[in-house]
Amino acid sequence: MGNATFIVWRESVEAILIIAILYSWIQARGDGRIRLRHLWLGVAGGIGLAVALAAAMLGFHSQLAGTTLEAFQASIMIAAALLVTHMVVWMRHHGRTLKRDLESGLARAAEETGGLSAALLAAIAVGREGAETVLFLYGIVAENAGGGWVDLMLGAALGAGLAVVTAVLFMKGSRLLPQRVFFRISEVLLLLLASGLLVSGLEGFINMEWLPPLVEPVWDSGALLQDDGLLGTFAGYRARPALSILGLWVLYWIGTLWLLRAPRRSA
């Protein structure tokens, strides 16, 4: 439940902030070419895309069994980990100028396509955050062997409510929750969650004998800390790791830290 609450909270905050930026820009522009109905049309379209993705994945899931289902779930866990990592890196490089970039891009597009540009931008923003959330939540369910749907839904609902409150605090300039602090702390937690999903996905491929363990275990720290603790369920800690998983986990963190520190690339 906690993981679901956090991921929905973070993803929803980003979507709400982008919608708020577009809303303010449309209100300030006030020339009649782009109206709020275009914005809400795009928001509805983005939500529809996320719902369609969730329905498609559940439908696909119901048609699979055995090794094929295990491979699908392991692949989704790895894909979710990489997608969320990409989102964190993108926000690190673009977060400071997000408002300016959105407004300048929308101003240029508005001269050519009018209200369609606002609808499309809102749909992409909401759809992207929704798709990331769907993949991550499915990965969490797969990691827990398909259980905990009720807790997952309760956690998602709580996360959505927290996102609304957080976004309101941000827009009012509250000092209780500085925006910079929130995103820095949440990006660390997101990367830990992503590394945990990555490890679970790789373990799935080892269990199917699609990935060789090389050496298993590399060490045994079970006497000090078991897998079922907070580090195991949240960040992918393993008391008896396989060498292949350990090596890929190290490469993941090296690559991620390099991307976070690399100079910003032009959008």
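Helix axes here are lines fitted to C-alpha atoms over the stretch in contact, and the angle between two axes runs from 0 to 180 degrees between N-to-C directions. With that in hand, the helix packing of this predicted model can be read directly.

**Overall make-up**

The chain has 9 helices and 0 strands. Read from the N terminus, its elements run α-α-α-α-α-α-α-α-α. The chain holds 267 residues, and 45% of them count as buried.

**Helix packing**

Two packed helices are described by the angle between their axes and the distance between the axes. Helix 9 covers residues 243–261 and packs with helix 7 at an angle of about 150°. The axes of helix 7 and helix 9 are 10 Å apart. Helix 7 is therefore roughly antiparallel to helix 9, because angles over 145 degrees fall in that class. The crossing of helix 7 and helix 9 is right-handed.

Helix 3 spans residues 66–94 and also packs with helix 9. Here the angle is about 20° and the axes are 9 Å apart. Helix 3 is thus roughly parallel to helix 9, because the cut-off for that class is under 35 degrees. Helix 3 and helix 9 also make a right-handed crossing.

**Salt bridges**

Side chains of opposite charge can pair when their charged atoms come close. How many salt bridges does a search of the whole structure find? The search returns 7. Three of them are set out below, each with its N to O distance.

| Pair | N to O distance |
|---|---|
| Glu14 and Arg128 | 4.0 Å |
| Arg128 and Glu129 | 2.8 Å |
| Arg184 and Glu187 | 3.9 Å |

Start with Glu14 and Arg128, whose side chains meet in a salt bridge. This pair links distant parts of the chain, with the two positions 114 residues apart in numbering. Glu14 belongs to helix 1 (residues 2–29), and Arg128 to helix 5 (residues 115–143). Is Glu14 buried or exposed? Glu14 is buried, because its relative accessible area is 3% and the limit for buried is under 20%. Arg128 is partly exposed, at 28%.

Arg128 has a further partner in Glu129. The closest N and O atoms of Arg128 and Glu129 lie 2.8 Å apart. Glu129 counts as buried, with 2% relative accessibility.

Arg184 and Glu187 pair within one element: both lie in helix 7. They are 3 residues apart, about one turn of the helix. Arg184 is partly exposed at 33% relative accessibility. Glu187 is buried, with a relative accessible area of 7%. Elsewhere, salt bridges that share partners join four residues into one network: Arg10, Glu14, Arg128 and Glu129.

**A nonpolar surface patch**

Which residues make the nonpolar surface patch? Leu214, Val215, Val218, Trp219 and Leu243 do, and the patch measures about 440 Å². One of these residues, Val218, sits in the loop between helix 7 (179–207) and helix 8 (230–235). Val218 has 35% relative accessibility and so counts as partly exposed. That value also fits the patch, because patch residues need over 30% relative accessible area.

**In brief**

Helix 9 packs with helix 7 in a roughly antiparallel way and with helix 3 in a roughly parallel way. Arg128 in helix 5 is tied to Glu14 in helix 1 and to Glu129. The nonpolar patch includes Val218, a residue of the loop between helix 7 and helix 8.

Terms used
Residues numbered from 1 in each chain as written. Predicted model: local features only at pLDDT ≥ 70, side-chain atom pairs only at ≥ 80, totals over all residues. Heavy atoms only, no water. Patch = residues over 30% accessible without salt bridge, like charges linked within 9 Å, V, L, I, M, F, W, Y side chains within 5 Å. Areas by Shrake-Rupley, 256 points an atom, 1.4 Å probe, with all protein chains shown as cover. Helix = DSSP H or I, 4+ residues; strand = E, 2+ residues; numbered from the N terminus. Buried < 20%, exposed > 50% of the residue type's maximum accessible area, 1.4 Å probe, protein only. Parallel < 35°, antiparallel > 145°, perpendicular 65-115°, else oblique. Left-handed = near helix turned anticlockwise from the far one by under 90°.
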